[in-house]
Amino acid sequence: MAAAQGAGSSSAGPPGAPVSIPGHSSSTAVAVWEWQDEFGRWRPYRGDVCRFIEQGFQASQQKGRRSGSGLVSSSISLGHADASLAPYVIDIPSLTQFRQDTGTMRAVRRHLFPRDSAAEQGIVWEWQNDERGWFPYEMNVCVFLEQAHASRHQRVDLGPLGYNYEVDLVAQVQTNKTTRFCRSVRRRVDNPYPVTAAPAPLHTGTGCSCQQCWLNGGTGPITTRFRHSVTNFPNSSAAPQVSGRTTSGSSSGVGFVPYNKPALSGARSTPRLNAQSSWALPQAGGAVGPSTGLSTSNGVSALNLPVKMSKPSKLNQALAAPTDPEAVVKKYLVEVKGTPADEDCIICMEKLASPSGYSDACECRTIKAEMVGRMTNCQHSFHMLCVLAMYSNGNKDGSLQCPSCKTIYGEKTGTQPKGKMEVSTFPQSLPGHRDCGTIQIVYHISRGIQGPEHPNPGMPYTARGFPRYCYLPDNEKGRKVLELLKVAWNRRLIFTVGTSSTTGESNTVVWNEIHHKTEMDTNLSGHGYPDPNYLDNVLAELAAQGVTEDCLRK
């Protein structure tokens with residue numbers, strides 16, 4: 001581990017000691033960093049990883065104070081703290097975790113807790129899932145449970161934190177107050193979380209909009225599609241966020257934790273932080289404008305075949321006239337009559353025979369909490385209300401993706417900005433494909449303003465490195481990939497707006513999980529030829545986005 005173990009080290013320099021902020025009365029607190037998954041649940045990083053992140057955060061603050069610009073553009077590679085986290089980078093100004101090999105982005109937050117809390121001692125409370133795996137509660141809950149444990153309470157009610165559970169600290173059992181379903185819990189001591197400087201004594205009670213709560217209370221820029229409210233936290237200096245107990249499925253088999261329920265009204269009506277805050281990176285520079293023609297590396301000119309996005313795109317249509325969420329759910333799920341199977345709904349982790357975990361969060365006209373539906377093709381079953389919640393917090397483009405097997409129902413669309421795709425061919429061969437010529441694809445996207453489907457609506461985004469040149473062999477499989485890429489382009493799936501894995505810049509156009517070859521004659525970087533597996537790999541990536549040969553037959 002590159003990150004130091006333990007907290008409050010006496011070593012010199014910012015990484016080992018709390019940093020005092022000039023002009024503020026300074027006290028110390030414990031910093032806990034957490035990341036948010038696609039359904040809004042917060043998961044704390046381990047103590048040693050948090051220490052490494054905190055060191056980078058403090059270094060960024062120091063540079064910002066010296067330059068007078070607040071936080072400066074800075075990214076933290078988590079692989080330096082834990083080799084298993086090598087693909088992940090945290091962008092400090094935007095509070096975003098970026099996975100470099102897939103382009104997936106997650107919000108992160110930083111909470112400060114008192115020095116005498118569970119966080120400084122490295123105490124984590126965990127719950128056990130159906131596969132007997134142990135997963136931590138968010139740190140707000142850990143602190144609350146530890147306070148009750150230290151006070152020798154036998155039972156505690158998590159209702160004040162928004163969870164529908166009671167926890168028996170003696171029997172170490174969590175009980176759902178509605179269904180009486182029980183799970184085991186445990187108390188575990190891990191690496192302590194890092195001690196850092198707080199600009200002023202931590203607030204008690206409800207969080208507010210002051211700079212202290214913004215920077216230290218986990219309520220900084222949130223790049224996901226909804227924001228959570230705050231509530232009073234019994235006997236604690238931290239201001240937590242209201243949480244509801246529900247879960248989601250994951251193809252990776254990662255365990256589930258209780259998390260904050262998104263409102264079914266969706267995020268596009270949710271207020272956002274002032275774009276003029278010091279957390280927003282300044283937007284600079286202009287993108288390279290579209291070229292008027294193409295020229296190949298061997299000097300042979302070729303005809304440009306522009307592929308423009310259809311107007312209006314299906315996503316724009318969806319945003320202009322949203323499809324009724326209840327109608328979408330009923331289109332792709334058939335209600336199960338009678339007693340459902342004795343299994344869990346993997347979205348809320350309640351038994352299918354019990355009401356949906358979202359039953360206390362919403363009321364629907366035609367979908368009741370007890371209704372169970374089966375996906376029409378893959379036959380996986382879920383609470384219909386849970387599927388409604390999942391759909392309502394996505395693009396709302398009329399498509400659904402099965403949380404269990406990832407089968408896509410309908411036509412999935414993305415968040416790619418407006419642009420142009422051009423195609424040409426020339427006779428020069430690519431290494432590994434000497435029996436055919438080459439297809440050249442050129443993507444043109446210019447800078448613009450983020451829409452409601454992007455991380456920060458209303459803020460500018462940059463478009464670095466355009467036009468982008470990509471290459472395919474001009475053989476049968478290469479032409480098939482080309483036609484599917486055209487479909488992906490029209491569905492806005494090839495690019496998105498996020499954080500660059502190479503520069504760390506936020507609010508910029510980046511690739512979106514469909515890999516392209518941007519070099520012809522070298523593969524030292526992994527972006528060129530020869531690569532005998534590339535065409536098969538990109539076909540699999542396209543299929544994962546719902547772009548298959550069936551799309552070409554329509």
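**Notes on the chain and one of its sheets**

1. Let's begin with the outside. The accessible surface of the protein chain comes to about 23,500 Å², and carbon and sulfur atoms account for 51% of that. Bear in mind that this is a predicted model.

2. Now the chain as a whole. There are 554 residues in the protein chain, and 52% of them count as buried. Its secondary structure amounts to 9 helices and 26 strands. If you take the contacts between residues at least 6 apart in sequence, 66% of them join residues at least 24 apart.

3. One sheet is worth a stop. This open sheet has 6 strands, and reading across you meet them in the order E8-E7-E12-E11-E10-E9, with antiparallel pairing. At the edges sit strand E8 (134-136) and strand E9 (155-157), each of which pairs on one side only. On average, neighbouring strands of this sheet are turned by 30° against each other, direction ignored.

4. A general reminder on pairing: the strands of a sheet are joined through backbone hydrogen bonds, and the arrangement may be parallel or antiparallel.

5. Next, zoom in on one pair. Strand E7 covers residues 123-128 and strand E12 covers residues 182-189; the two pair in the antiparallel sense over 5 bridges. To find your way there, look for Trp 127, whose bridge partner in E12 is Val 185.

6. What packs on this sheet? Helix H3 (residues 139-150) does, touching E7, E9, strand E10 (165-168) and E12. The direction of H3 makes about 105° with that of E7.

Note on methods:
Residues are numbered from 1 along each chain as its sequence is written. This is a predicted model: local features need pLDDT of at least 70, side-chain atom pairs count only at pLDDT 80 or more; totals for chains, interfaces and linings use all residues. Side-chain values use heavy atoms; hydrogens and water are left out. Two strands pair if DSSP finds at least two bridges between them. Helices (H or I, at least four residues) and strands (E, at least two) are DSSP runs, numbered from the N terminus. Axes are lines fitted to C-alpha atoms, for helices over the stretch in contact, and angles run from 0 to 180 degrees between N-to-C directions. Contact means heavy atoms within 4.5 Å. Buried means under 20% relative accessible area, exposed over 50%, partly exposed in between (1.4 Å probe, protein chains only). Accessible areas come from the Shrake-Rupley method with a 1.4 Å probe; for residues, only the protein chains shown count as cover.
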